[in-house]
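Let's take a walk through this one together, from an outer surface to the contact between chains and then on to the charged pairs. Keep the viewer open as you read.

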Amino acid sequence: MIEVNKIYHSFEIGKKEKKTVIPVLKDVSFQINKGEIVSIVGKSGSGKSTLLNIISGFIKPTDGEVKINNQTVTELSEGEFASFRLQHIGFIFQNFQLIPSMTAFQNVELPLTFKGMNEKERKQKTLETLERVGLAEFKDHYPSELSGGQQQRVSIARALVVNPPLILADEPTGSLDSDTEKSLLAFIKQLNEELGITFLIITHDEEVAEFGHRTIEIVDGHVLEEVGK
Amino acid sequence: MTFKDQFKFVRQNLKKNKSRLFMTVLATAIGVAFLIVLASVGFGLHKSLISDMMQNQLVTQVEIYGKEDSQGLKNEDITYFEEMDGVEAVTRRNELAQMPFFQLDDYTSNTNAIVTHFPSEIKADFKLASGRLPEGENEVVVGYHFTESLIKNGANPEKLYDDEGNINEDYVYTDDLLNKEMDMEVIKLTDGKETKKTISVKIVGIAEKPARDWAYEEHVFISEEILQEVEQFTGVMRGASEMYEGGELDANQSEEVYDYVKVYANNVQEVEGINKALEDKGYMIYSIANEMKQINVIFLIMKIGLIFIGTIALIIASIGIYNTMTMAVTERAPDIGIMKAIGAHPRTIKNIFLLESTYIGLLGAIFGTIVAYGISFLVNLCVPFIIQTAFDEAAPEGFLLSYIPWSLTLISVGICLLVTVFSGLRPAKRATKVDVLKAMRREL
């Protein structure tokens, strides 16, 4: 599903002569198979979020390549990657990243609108997805009117609505209390089992890390170890 | 993303900041209104001048004075004119070279006598108010105002006109003219000695009132035979009372020569072609269309100048649009980041912002056009009143200071949209450059 091959990445800070290059990822390689739930763990500043951003296409690696579904995504242009994301990747963010001026329904509907789906089909699909995450009755609520857990479910619904084979989650439970965290993880498990969706989860929470099929630990920009179950 | 969805999205976004939208639309509307009203003055003056010229002379009419290296316009010329493409009628008139006295009962008129070719006159829209066309050689048709030229014999010259310059009511001929016999008196001067001849004619028709209010037609249309009779009497061409050089009657000259020849085109579009063909053939012509062409060029330059000045107002308004759009991009950067993250193509983002600036431009154009029509209406309503008050004189009939043709509206709306799209380009491009990570961290 995902092939990460020899990824190097460094940031440049400072201006001109005083420019300093800080390496973040060094020779990172791993594979994630279809239907797996893989957690990437690491301390703060280990480079795990940078890795996720490279896989997501939000930043280009200094070197190396990433393949998703046999497509070398690191070679895609910004526009091509956007289209690719729309078809193949769903996102769950720590801060939910819902558009505050849109209702839950409109937020979930948005990716389908970008796809150019007709209105009737789009509305039906959006409602079905909101029902799946148990938020159909809150569809007309704005994000500010929903709890953290509910907002994260809306975020999951938005990721699910385009039927992606892969969902990338960046600290999905970071803003949730422990009860909500448990129910969210159970829901991710359910989606994985029922729909065969591959999950790549970035976390520093041990409980979340252990919940997946496999854990990849990043230390100082290297893959330290892969722990399977 | 379909256009319909983009449009819905834009409308939703614009509702978020109604007061800013209102101010931007207002600025654009003022710009459009200024452009239209300013240019409408050029269009209005042009239209007023052209309609004034068209009132004075027929646009389809081409007067022909003669031909280079030729003694006059003859039948062969007339035939050539008539066979030209786009020619409706060719009228030809000859005038008696003296003003005869016409005696009707107790009244006298001293007016022109004209010989014309009635079939071609009728084709050129000549109509009779009453009576019929002449059939006999002594039958005549008189102009509509002929009555006003008849003055009672023995009238006191001092009391002939009233205070307003009109003929005193007591001296005006009030009886019906039709079927009245009158005497036409011509003179001949030989060595200062005057000889008179009287020819009896009968009025069988009265010409229709001329279309132009100012036109005054009091002449008498006589037959070719009467003209010849006068020529025989005076012995001079066109019946002049005195011999002049070249005025001898040429017995051998069998071919008719015409004094006044006018060609009438089927429509205005044909006039230019007819003029060119006639000039190429060496005819000396006068056509109002030629003059109008020059006026049109001058007014075209004036209109372009006014539109250009008006466009500056729109460019100023576009700065407002640029500002609004830039602020919208900055405010919505987090949303743009989220949209890009979940798969919005940069092109879609650009289109949404371009559509937004176009929408503002379109709203401004619509309101600006409505306001411009309102101002134009008010200006045209008030100007005659102002002229009347300030100069104590009525404004010319049909005078328009401001006129907004459809073409001006389309040009102005087009310029407005162009300027607004252009001013929205940079913010829209900026929106596509929003960094997803920074935007989602709310760092923009």
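Start with Ile319(B), which sits in helix α8 of chain B. Keep in mind that what you're looking at is a predicted model. Is Ile319(B) buried or exposed? Its relative accessible area is 54%, and the cut-off for exposed is over 50%, so Ile319(B) counts as exposed. It has company out there: Phe34(B), Phe308(B), Ile309(B), Ile312(B), Ile316(B) and Ile319(B) make a nonpolar surface patch of about 610 Å². Helix α8, residues 288–331 of chain B, gives the largest share of that patch, with five residues.

Now swing round to where the two chains meet. Chain A brings 27 residues to the contact and chain B brings 24. Between them they bury about 2100 Å², with 60% of that on carbon and sulfur atoms. On the chain A side, Phe58(A), Gln97(A) and Phe114(A) lose the most area to chain B, together 27% of what that side buries. Phe58(A) also turns up beside Asn53(A), a residue of helix α1 (residues 48–56) of chain A. Leaving aside neighbours within four places in sequence, Asn53(A) is in contact with Phe58(A), Ile59(A) and, from the other chain, Leu437(B). Asn53(A) is buried, at 13% relative accessibility.

What about charge across that interface? There are four salt bridges between chain A and chain B. One of them joins Arg122(A) to Asp5(B), with the closest N and O atoms 2.6 Å apart. In chain A, α2 (78–88), α3 (104–115) and α4 (119–132) each supply at least two residues of the side that touches chain B, and α2(A) gives the most, with six residues. The Arg122(A) and Asp5(B) pair doesn't stand alone either: Glu109(A), Arg122(A), Lys123(A) and Asp5(B) are linked in a network of salt bridges.

Over all chains, the structure holds 23 salt bridges. Inside chain B, Glu121(B) pairs with Arg93(B), the closest N and O atoms being 2.7 Å apart. Glu121(B) lies in helix α4 (residues 118–123) and Arg93(B) in strand β3 (residues 87–95), so this pair ties together parts of chain B that are 28 residues apart in sequence. Glu121(B) is buried at 5% relative accessible area, while Arg93(B) is partly exposed at 21%.

Finish with Arg238(B) and Asp259(B), whose salt bridge has its closest N and O atoms 2.9 Å apart. They're 21 residues apart, Arg238(B) in the loop between α6 (224–234) and β13 (257–258), Asp259(B) in the loop between β13 and β14 (260–265). Arg238(B) is buried at 12%, and Asp259(B) is partly exposed at 30%.

How values were computed. Residues numbered from 1 in each chain as written. Chains lettered and ligands numbered in written order. Predicted model: local features only at pLDDT ≥ 70, side-chain atom pairs only at ≥ 80, totals over all residues. Heavy atoms only, no water. Patch = residues over 30% accessible without salt bridge, like charges linked within 9 Å, V, L, I, M, F, W, Y side chains within 5 Å. Areas by Shrake-Rupley, 256 points an atom, 1.4 Å probe, with all protein chains shown as cover. Salt bridge = Lys/Arg side-chain N within 4 Å of Asp/Glu carboxyl O. Helix = DSSP H or I, 4+ residues; strand = E, 2+ residues; numbered from the N terminus. Buried < 20%, exposed > 50% of the residue type's maximum accessible area, 1.4 Å probe, protein only. Contact = heavy atoms within 4.5 Å. Buried area = accessible area lost by both parts, 1.4 Å probe.
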